[in-house]
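Here is a quick tour for anyone meeting this structure for the first time. Have a look at the sequence and the model, then read on.

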Amino acid sequence: MKPLDDAFFHRDCLEVAPALVGKLLVRQLPDGSLRRVRITETEAYRGEEDRACHASKGRTKRTELLYGESGIIYIYLCYGMHWLMNVITGEPDQPQGVLFRAAADYTGPGKLTKYLQLDGACNGKPLQPETGIWVEDDGFVPELITKPRVGIDYAGPEWAAKPWRFVLKP
DNA sequence: TTAGTGATATCC
DNA sequence: GATATCACTAAA
């Protein structure tokens, strides 16, 4: 089993997001122990035209990462207490990414990062073993269901309704 | 349903 | 420097 390489993430987020569901998210904790969880839910955020994407309001210091190379982790502190983990996908200069929304029993993006002990220290680093967090493919082929994205009503009904949330069928 | 929390962006 | 906003969770 090998970590996913950059080519995996160097695709459109609408391809990467469903492809990540069912994969194993692996985290090496500071004490050296490993945690493996199967990814059960992701969401795609695609481009400046997607008003739910952080980069939709233009390129800033914070969203700069979204315009960068694919395979880079973008971690964002939301509501002052929850870290949400994204990975950058697609071509440079095209802001898009995939949000890791849930894995196995750890439903909810905030709980997921808490369990994996992720925080801003990983922001801007590659999703690779050298960073202490990566994704493996064990050959499991999941059944997926798609749903509208969550918590982005502010983006307007036409964007909130997009079926860009990918969930592992139970 | 509501409170809590802090980084970011945007406005003085 | 000040405020408004937010891809959430837990407690009720």
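A disulfide counts here as a pair of cysteine sulfur atoms within 2.5 Å. Keep in mind that this is a predicted model. Searching the whole structure turns up zero disulfides.

Why do C53 and C122 stay unpaired? For C53, the closest cysteine sulfur is in C13, and at 8.2 Å that is too far for a bond. C122 has its closest cysteine sulfur in C78, 18 Å away, so that is too far as well. Both cysteines are tucked inside: C53 is buried, with a relative accessible area of 4%, and C122 is buried too, at 7%.

Now for the DNA. How many residues surround DNA strand C? There are 17 of them, and H54, N86, R101, G151 and Y154 are the closest. Of the strand's atoms that come within 4 Å of the protein, 61% belong to sugar and phosphate.

A few polar contacts with DNA strand C are worth picking out:

| Residue | Part of the residue | Part of DNA strand C | Distance |
|---|---|---|---|
| H54 | side-chain N or O atom | base nitrogen | 2.8 Å |
| R101 | polar side-chain atom | phosphate oxygen | 2.7 Å |
| G108 | polar backbone atom | phosphate oxygen | 3.5 Å |

So much for single contacts; what about the wider surface? β4 (82-88), β5 (96-103) and α3 (109-115) each give at least two residues to the surface near DNA strand C. Sorted by class, that surface has nine nonpolar residues, six polar ones and two charged ones.

Conventions
Residues are numbered from 1 along each chain as its sequence is written. Chains are lettered from A and ligands numbered from 1 in the order in which they are written. This is a predicted model: local features need pLDDT of at least 70, side-chain atom pairs count only at pLDDT 80 or more; totals for chains, interfaces and linings use all residues. Side-chain values use heavy atoms; hydrogens and water are left out. A residue is near a molecule or strand if one of its heavy atoms lies within 4 Å of it. A polar contact is a pair of N or O atoms within 3.5 Å; within protein, one must be able to donate a hydrogen and the other to accept it, and residues adjacent in sequence count only if both atoms are side-chain atoms. Helices (H or I, at least four residues) and strands (E, at least two) are DSSP runs, numbered from the N terminus. Ala, Val, Leu, Ile, Met, Phe, Trp, Tyr, Cys and Pro count as nonpolar, Asp, Glu, Lys and Arg as charged, and the others, Gly among them, as polar. Buried means under 20% relative accessible area, exposed over 50%, partly exposed in between (1.4 Å probe, protein chains only).
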